[in-house]
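Biologist: Could you take me through one part of this model slowly, as if I were new to reading structures? Pick a single spot and build outwards from there.

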Amino acid sequence: MLGWWRNRKRQKLLSTPRAPLWDEVLATLPFAGGLTDGERSHLIDLGRVIAEEKRWEACGGLELTEEMPITIALQASLLILSIDHEYFRTVESVFIYPSTYMRPGHMRPPEDQLQAILGEAWLGGPTVLAWDAVRSGAYHPHDGRNLVLHEFAHKLDMLDGLLDGTPPLDRREDYARWRTVLTREFAALEVAVGRGRKTVIDRYGATNPAEFFAVATETFFEQSQKLKRDHPELYETLAGYYRQDPEARPRMKSHFG
Ligand SMILES: [Zn+2]
């Protein structure tokens, strides 16, 4: 009954013309330039439902603009563009902070700092994003860092109730392969970090398997060529999960160099 009602509301929403701002924001997002027309229009539909159904709150003196949910929802939708999904069922609210202090040389998602500040539970808590990091992630599509992809990958991971680096997968053999490949890649990253060696996967991924999946997701979408070259099995495993092949897409330039 609830599902029926929700579907009807979603159909109604998508049958009404969208605000022009959706297309305007999409046009500024470099990653979208690599998508087909069909993918772009699907991305907008997904984003509209997400923007409509989640609670958006600007915090820390920030004023919520119309552009904010759109910018975030469009990026998050890239993750679920080709998979079965429930519009990020585990996300109820998104809190947006203006900014967060990042230590020089430690350019990781500000989630640690924000989660610590807010003292909130990992599972079931709101998704917390810093608006400056959302924007820089959106406009630099090939630097391997994207806060929205990172945080929403955690939300996919959590769909089975566990934040353990393994989202729900289709088949039993998918789990076996996932475990084999991601365990090995995680261990290899730990070794590389221990030896001070740089890899295409950011060192923050060596924190734990959940961070590894979130960071590998950022790398998969933003540095797909290097990931495929240096970690082909990890690339294929993620391509199988997301049912996307970002490496085959045309490379889009950042608007900001
Ligand atoms: Zn994380």
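Where does proline 167 lie: in the loop between which two helices?

Modeller: Happy to, and keep in mind that we're looking at a predicted model. Proline 167 lies in the loop that runs between helix 7 (147–157) and helix 8 (172–194). You might picture a loop residue as sticking out, but proline 167 has a relative accessible area of 0%, so it counts as buried, the cut-off being under 20%.

Who is around it? If we skip the neighbours within four places in sequence, proline 167 is in contact with Leu156, Asp157, Asp160, Tyr175, Trp178, Phe213 and Tyr241. Take Leu156 from that list: leucine 156 is 11 residues away along the chain, and its C-alpha atom is 5.7 Å from the one in proline 167.

Now follow two other names on the list, Trp178 and Phe213. A pair of aromatic rings is described by how far apart the centres are and by the angle between the planes. For tryptophan 178 and phenylalanine 213, that gives 5.6 Å centre to centre and 65° between the planes, an edge-to-face pair. This pair ties together distant parts of the chain, since tryptophan 178 sits in helix 8 and phenylalanine 213 in helix 9, 35 residues apart. Like our proline, tryptophan 178 and phenylalanine 213 are both buried.

The rings don't stop there. Ring pairs join Trp178, Phe213, Phe220, Phe221, Tyr235, Tyr241 and Tyr242 into a cluster. So proline 167 touches three members of that cluster, namely Trp178, Phe213 and Tyr241. Aromatic pairs turn up elsewhere too, with a count of 12. One of them is formed by tryptophan 4 and tryptophan 5, a tilted pair with 6.3 Å from centre to centre and 40° between the planes. Tryptophan 5 has a relative accessible area of 45%, so it is partly exposed.

Let's stay with helix 9 for a moment, because another buried loop residue comes right after it: glutamine 223, with a relative accessible area of 16%. The loop holding glutamine 223 is between helix 9 (209–222) and helix 10 (224–230). Leaving out neighbours within four places in sequence, glutamine 223 is in contact with His142, Asp143, Gly144, Val200 and Glu218.

Time to zoom out. The protein has 11 helices and three strands, and 49% of its 257 residues are buried. Contacts across long stretches of chain are a general theme here: among contacts between residues at least 6 apart in sequence, 70% join residues at least 24 apart.

For a look at how helices meet, try helix 3 (residues 37–53) and helix 4: their axes come within 8 Å and cross at roughly 125°. That angle makes helix 3 oblique to helix 4, and the crossing is right-handed. Helix 3 brings Leu43, Ile44, Leu46, Gly47, Ile50 and Ala51 to the contact, while helix 4 brings Pro69, Ala73, Leu74, Ser77 and Leu78. Sorted by class, that makes nine nonpolar residues, two polar ones and no charged ones.

Helix 4 (residues 67–79) also packs with helix 6 (residues 131–139), at an angle of about 50° and with the axes 11 Å apart. Helix 4 is oblique to helix 6 as well, but this crossing is left-handed. The contact of helix 4 with helix 6 has six nonpolar, three polar and two charged residues.

Definitions and conventions:
Residues numbered from 1 in each chain as written. Predicted model: local features only at pLDDT ≥ 70, side-chain atom pairs only at ≥ 80, totals over all residues. Heavy atoms only, no water. Helix = DSSP H or I, 4+ residues; strand = E, 2+ residues; numbered from the N terminus. Buried < 20%, exposed > 50% of the residue type's maximum accessible area, 1.4 Å probe, protein only. Contact = heavy atoms within 4.5 Å. Axes fitted to C-alpha atoms, helices over the stretch in contact; angles between N-to-C directions. Parallel < 35°, antiparallel > 145°, perpendicular 65-115°, else oblique. Left-handed = near helix turned anticlockwise from the far one by under 90°. Nonpolar A, V, L, I, M, F, W, Y, C, P; charged D, E, K, R; others polar. Phe/Tyr/Trp six-rings, centres within 6.5 Å; stacked < 30°, edge-to-face > 60°.
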